Amino acid sequence: KLQEKPVYELLGGPVQDRVFCYATGNDTDWQLELGFRAVKLACPYGPADGLKGLDENERLVAKTRELVGDDTEVMLDCYMAFDVDYTIRLAKRLEPYRLKWMEEFLIPEDIDGHRAVKEAVTWTSLASGEHLYTRWPYMQLIKAGALDILQPDIKWVGGLSECVKIAHMASGAGLQVILHGGGGTPFGQHFTFATSNSPWAECF
């Protein structure tokens, strides 16, 4: 307010004219109607559901890919529900559907598990981080080479200043930062608008 400038200017200025937004949720028909060209699904089944669950997860992703066609990105949010073996098995099943990323497939603190998945799954990006707090665990994941996309929540991780520090660390490692829910608040919008390695914003 003292400077009479928007926050994105104080962060160095905009790095893009527009921010590409993706939609989260399984109402894909409606999201396409609204104009989104990237959608993220909530994965409905996990290890406890056995082979039938694997089949149903694949069916959901296959149906979505058929619905959206080849010009829309599809991602899958697994919400900390898997183990290493299940993640790898599901990723292999889903390879033909060209997921942009699989998200939060393990408990976030399981750095060794993330590294094991990263070594086995090379055909899609791996993302996580909304349930990590402060920059320190992100630094551990970056050092381990365990993820491709970091997803802090700007309201939980320590605010705008902490997200800027995470983005700087990620940039040095060639990684992207796509905030959890970043399209839904002015805080996330200004951060994304001014951060060169934050190309997308999530909208619920």
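Okay, strand β2, residues 38-42. Four of its five residues are buried, so β2 is largely enclosed by the rest of the structure. Keep in mind that this is a predicted model.

So who sits beside β2? On one hand there's β1, residues 20-24, which runs parallel to β2 and is joined to it by two bridges. If you want a pair to click on, take T24, whose bridge partner in β2 is K40. To get from β1 to β2, the chain goes through helix α2, residues 28-34, and that β-α-β crossover is right-handed.

Then there's β3, residues 73-77. Here five bridges make the link to β2, and again the two strands run parallel. A42 is a good one to look at: its bridge partner in β3 is D77. The connection from β2 to β3 passes through helix α3, residues 50-68, and this β-α-β crossover is right-handed too.

Now zoom out to the whole sheet. It's an open sheet of eight strands, paired in parallel, and the order reads β7-β6-β5-β4-β3-β2-β1-β8. What are the edge strands? They're β7 and β8, each of which pairs on one side only.

Hold on to those two edge strands, since they come up again with helix α8. That's residues 186-193, and the buried residues there are G188, F191, T192 and F193. What covers them? The list includes both β7, at 176-177, and β8, at 200-203, along with helices α1, at 7-10, and α7, at 159-172.

Last topic, and I know somebody will ask: cysteines. How many disulfides does the structure hold? Zero. The pair you might wonder about is C21 and C203. C203 has the closest cysteine sulfur to that of C21, but the distance is 4.0 Å, which is too far for a bond. The cut-off used here is 2.5 Å between the sulfur atoms. As for how accessible C21 is, it comes out at 28% relative accessibility, so it counts as partly exposed.

C163 isn't in a disulfide either, and there the nearest cysteine sulfur, again that of C203, is 16 Å away. Is C163 buried or exposed? Buried, with a relative accessible area of 0%.

So, to recap: an open eight-stranded parallel sheet, a largely enclosed β2 bridged to β1 and to β3, and zero disulfides. That's what I've got, thanks.

Methods: Residues numbered from 1 in each chain as written. Predicted model: local features only at pLDDT ≥ 70, side-chain atom pairs only at ≥ 80, totals over all residues. Heavy atoms only, no water. Buried < 20%, exposed > 50% of the residue type's maximum accessible area, 1.4 Å probe, protein only. Contact = heavy atoms within 4.5 Å. Pairing = 2+ DSSP bridges. Right-handed = clockwise from strand over helix to strand, strands pointing away.
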